[in-house]
Amino acid sequence: MSYRIGVDVGGSFTDFAVFDETNGRLATLKVFSRPDEPGAEITAGLTTLKARDGLDPADVDYFTHGTTVGVNTVIQRNGHDLALFTTCNFEDVLQIARLKIPEIHNLYSVRPEPLIPRDRVFGISERTLATGEVFVTPELDDVAAAVDAARLTGSKGIVLAFLNAYRNPENETAVKAMIGELAPELPVFSSAETWPIIREYERTTTAVISGYVQPRVSRYLDRFETVLRQEGLACPLLITKSNGGVMGIDQARNDCVQMILSGTASGVIGAGYLARASGFDRILSLDIGGTSADVAVIIGGEPQYGVGELIGDFQIHIPSVSVSSVGQGGGSMAWVDPLGMLQVGPDSAGSTPGPACYGRGGTRPTVTDAVAACNLVGHMSLGYGAVEVDHAAARAAIAPLAEALGSSVETVAGDIINISVSGMYAEVSGLISRFGIDPRDFHLFAFGGAGAMLACFLARELDMNGVVVPPTPGVVSALGGLIADLKNDFIRTVYCDVSAEGLAAVATPYDALGAQAEDWLRNKQGFEGEAVVKVLADMRYQGQSYEIEVPLEGAWLEARNAAAVADAFHAEHARLYGHSSPAAPVQMVNLRLTISGATPKPALLPLSPAEAPAMPRFEVDAWFGGRAVQTSVYHRTDLRAGHRFEGPAIIAQDDTTTVVPPDFVVDVDAFGNLVITRREA
C-alpha cells in the first residue's frame with residue numbers, strides 16, 4: 001500500500017484528501033481545526049483515517065500541506081518585532097510607500113501603519129549606483145551603531161533593503177556578514193535574497209513581510225513536522241506555495257514569503273485541475289470557507305497569476321495565483337451598526353466557538369446560521385459526522401438582530417445571505433475588470449465548506465453560465481495540494497530596450513536563471529523527471545510607469561529576436577487594454593523564469609449512469625426570497641450521471657450542502673459534477 005495525502009488547514013475545518021496509489025481511490029475527510037493547539041487536527045485526522053480506512057502512516061510516501069498561518073500573521077499583526085536597515089536618507093521608504101491611499105474615493109482613507117514603525121528604521125552610510133557600481137562601502141562602526149540602536153528598541157530581527165541592491169547585492173551581503181559577527185542572535189533578512197526587483201518600496205515591503213512572518217511560520221512548521229514524525233510518517237514533507245506549486249519544508253522555513261498565500265493557492269490549483277479534467281474551459285473559482293470567500297479566474301485549467309497581491313493591508317510582490325478575497329465566509333458574523341444598518345463580516349466565529357448552529361458554544365449569528373435559519377442546511381449529517389446543525393440555536397442567535405431591526409428571523413436571515421452575496425459581487429466585479437473577462441462566458445466553480453450553499457445566489461447576480469459543484473467540494477483545497485507540481489520562480493531585473501543590443505545584454509542573466517532553476521529542481525528538490533520551463537518578462541512602452549507580464553519563448557532570447565519579443569508585448573497589451581502602439585519603443589524591465597516538475601495526478605473516474613429518475617429522500621419547507629417553499633432534499637450519493645431535476649432543492653453530502661433556488665435546474669454530468677443553470681423562462 002502507498003498513499004499520497006494533501007491537507008489544508010482552514011479557519012474552521014482541516015481537510016484531508018487521500019489518494020491510494022494501488023487502486024486509484026480518492027478518500028476525503030474533514031475535522032475541526034485547532035488554532036488553540038496547532039497540529040492536533042493533523043493527529044485527529046490521521047487517527048480517523050487509520051480507524052476508518054486502515055491507513056498506516058508508514059505507508060504514506062507523499063504529504064503536502066497548505067496553511068494560512070503566514071497571511072493570518074500579517075492580517076492580525078502579530079509577527080516578529082523587526083528593525084529595518086536602509087540606505088542613509090531613505091529611512092521613510094515604508095511611510096512614503098507609493099503615496100497612494102487605499103480607497104481613492106474616500107477622503108478619510110489613510111495608509112496603514114507599516115509593519116516596522118519609523119523608530120525602528122535606521123540608515124546605513126552606503127550607496128550602490130543604478131549601474132550596480134558600489135559607490136560607498138558600508139563601515140563596521142556605522143553598522144555596529146545601528147545594531148545597538150535596534151537592540152534598544154527591542155527588535156528581534158533585522159531587514160536589509162538598500163538602494164539598487166537588486167542590481168548588485170554586495171553591500172547587503174557585507175552588512176549581513178557584519179551583523180552575523182556583531183549580533184549572531186538576530187536573524188537577518190536581505191531584500192536581494194528575498195526577491196531582487198527594481199522598485200525600492202516593493203522590494204522593501206516584500207522583504208519586510210517575509211521577515212515579519214518567518215519566526216511564526218517556522219515554529220508552526222516545526223510543530224507540524226514533529227507531529228507527523230510522531231505519527232509515523234517518514235516521507236518528505238511538502239508545503240504549497242503562493243505560485244500554486246509545492247516546495248520542501250526546509251525551504252519553506254527559510255523562504256516564508258513564497259508560502260504566504262499557501263492555503264489560498266491550493267484551492268485554485270485544485271479547482272483548475274478538476275475543471276480541466278471535467279471539460280470546463282472557463283471558470284471563476286469560488287472558495288468559501290469559515291472566514292472568507294476567495295475568487296480566481298481559471299482559463300483552460302490554468303489559474304491567472306499576478307504580482308502585487310494584497311496580504312492584509314500590504315501588497316507582496318512575488319508571483320502568486322491571483323485571488324480576490326472578501327471577508328464573507330460561512331463563519332462571518334452579522335451585526336447591526338450604530339446607524340441601525342445590518343452588516344456582515346469581516347469578523348469570523350472560526351471553528352471555536354464557530355456558528356451558533358454548530359453547538360460548540362457560539363452565540364453570535366453567522367452566515368451559516370442564516371442559511372440554517374432559512375432551513376437550507378442541516379437535514380443530514382455534515383462534516384463527516386462532526387456537525388449536527390441546531391436550527392433552533394441558529395434562530396435564537398439571529399433573533400436579537402430581528403428584534404433590533406423590527407423584522408422576522410427568516411427575513412433577517414435572508415438579508416444576511418443577500419448582504420454576504422453582495423460583498424462577493426463587489427469583489428468579483430473588480431476581478432472581472434482586472435482581467436477583462438465577460439462573466440456570461442464563465443461557470444462559477446463552487447467549493448469549500450460553504451461555496452455550494454451560496455454559489456447559485458452569486459451566479460444569478462453575475463448572470464453567469466451556471467454553477468459547477470464537484471463531487472467533493474469541501475476538500476478541493478486539500479486536493480490542490482495533493483496534485484500541485486514542484487514549482488519555483490526566479491527573477492533578474494535587466495532594464496533594457498527591446499533591441500538586438502539590449503537582448504544581447506540579457507543573455508548572461510538568462511543563462512544564470514536557467515542554471516539556478518535546474519539546480520533548485522534537480523539538486524534541492526531531488527526531481528528526476530522532465531522539467532517544464534516558462535520564460536516571462538515584465539515589459540512596457542518606453543515612458544510608461546508600470547509593466548505587464550508577457551510570456552516569451554526562450555528561443556527568441558537565444559536568437560536575440562527583438563521583433564518577436566516586441567510583437568509578443570504588443571499583442572498582450574492589445575489583449576489587456578484593447579490597443580497597442582507597434583511603432584513605439586519597448587523596454588524589458590524584469591526577466592522571469594518558472595520551472596516546474598509534474599507530480600502524479602489521480603484520474604477522475606466516471607460516475608455510473610442513472611437507471612431511474614432522481615428521487616429526493618424527503619421534502620422540507622425552506623425559505624427563498626422571504627417566503628417558505630416546499631423543497632426537495634437529495635443526498636449526493638443517490639445521484640448518478642444523467643440525473644436532472646429542478647429547484648428548489650437541497651443536496652446534502654458529508655463535506656458540504658448545495659442549495660438550489662427555485663429558478664435553477666440541476667444536471668449531473670459524467671464525472672458526477674452538479675451543473676446548475678438558470679431555468680429557461
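Glu202 has a relative accessibility of 7% and therefore counts as buried, in a model that is predicted. The side chain of Glu202 meets that of Arg98 in a salt bridge, with 3.0 Å from N to O, and this pair is one starting point for a briefing on the charged pairs, helix packing and backbone geometry of the chain. The structure holds 28 salt bridges, of which a few are described below together with two helix contacts, the buried side of helix α2, two cis peptide bonds and several residues with positive phi.

**Salt bridges between distant parts of the chain**

- Side chains of opposite charge can pair when their charged atoms come close.
- The salt bridge between Glu202 and Arg98 has an N to O distance of 3.0 Å, and it links distant parts of the chain, since Glu202 belongs to helix α7 (residues 200-231) while Arg98 sits in the loop between α3 (93-96) and β6 (121-124), 104 residues apart.
- Arg98, at 35% relative accessibility, counts as partly exposed, whereas Glu202, at 7%, counts as buried.
- A further salt bridge is formed by the side chains of Glu547 and Arg199, at 2.7 Å from N to O, and here the partners are 348 residues apart, with Glu547 in the loop between β26 (531-541) and β27 (548-552) and Arg199 in the loop between α6 (191-194) and α7.
- Both Glu547 and Arg199 are buried.

**A salt bridge within helix α8 and its network**

- Asp250 and Arg253 form a salt bridge in which the closest N and O atoms are 2.7 Å apart, and both residues lie in helix α8 (residues 249-254), three residues apart, which is about one turn of the helix.
- Asp250 counts as exposed because its relative accessibility is 52% and the cut-off for exposed is over 50%, while Arg253, at 11% relative accessibility, counts as buried.
- Through salt bridges that share partners, Asp250 and Arg253 are joined with Asp222, Glu225 and Arg229 into one network.

**Helix packing**

- Two packed helices are described by the angle between their axes and the distance between the axes.
- Helix α4 (residues 140-152) packs with helix α5 (residues 170-182) at an angle of about 60 degrees, the axes being 10 Å apart, and α4 is therefore oblique to α5.
- The crossing of α4 and α5 is right-handed, and the contact is made by Leu140, Val143, Ala144, Val147 and Arg151 on the α4 side and by Val175, Met178, Ile179 and Leu182 on the α5 side.
- Sorted by class, the contact of α4 with α5 has eight nonpolar residues, no polar residues and one charged residue.
- Helix α9 (residues 262-278) and helix α14 (residues 476-483) have axes that come within 7 Å and cross at roughly 85 degrees, so that α9 is roughly perpendicular to α14.
- In this second contact, Gly263, Ser266, Gly267, Ile269, Gly270, Ala271, Tyr273 and Leu274 of α9 meet Val476, Ser477, Leu479, Gly480, Gly481 and Ile483 of α14.
- By class, the contact of α9 with α14 has seven nonpolar and seven polar residues, and no charged residues.

**Helix α2 and its surroundings**

- In helix α2 (residues 69-76), the buried residues are Val69, Gly70, Val71, Thr73 and Val74, and they pack against β4 (60-67), α7, β17 (309-311) and β18 (314-316).
- Arg77, just after α2, takes a positive phi of about 55 degrees.

**Backbone geometry elsewhere**

- Most residues other than glycine have a negative phi, and most peptide bonds are trans.
- Gly345 and Pro346 are joined by a cis peptide bond with omega of about 0 degrees, and Pro346 is found in strand β22 (residues 342-348).
- The peptide bond from Gly647 to Pro648 is also cis, with omega near 5 degrees, and Pro648 lies in the loop between β31 (644-646) and β32 (649-652).
- Asn164, although not a glycine, has a positive phi of about 65 degrees; Asn164 lies in the loop between β9 (157-161) and α5 and, at 14% relative accessibility, counts as buried.
- Tyr495, likewise not a glycine, has a positive phi of about 45 degrees; Tyr495 lies in strand β25 (residues 486-497) and is partly exposed, with a relative accessible area of 41%.

Note on methods. Residues are numbered from 1 along each chain as its sequence is written. This is a predicted model: local features need pLDDT of at least 70, side-chain atom pairs count only at pLDDT 80 or more; totals for chains, interfaces and linings use all residues. Side-chain values use heavy atoms; hydrogens and water are left out. Axes are lines fitted to C-alpha atoms, for helices over the stretch in contact, and angles run from 0 to 180 degrees between N-to-C directions. Helices (H or I, at least four residues) and strands (E, at least two) are DSSP runs, numbered from the N terminus. Angles under 35 degrees count as roughly parallel, over 145 as roughly antiparallel, 65 to 115 as roughly perpendicular and the rest as oblique. A crossing is left-handed if the near helix is turned anticlockwise from the far one by less than a right angle, and right-handed if clockwise. Contact means heavy atoms within 4.5 Å. Ala, Val, Leu, Ile, Met, Phe, Trp, Tyr, Cys and Pro count as nonpolar, Asp, Glu, Lys and Arg as charged, and the others, Gly among them, as polar. A salt bridge is a side-chain nitrogen of Lys or Arg within 4 Å of a carboxyl oxygen of Asp or Glu. Buried means under 20% relative accessible area, exposed over 50%, partly exposed in between (1.4 Å probe, protein chains only).
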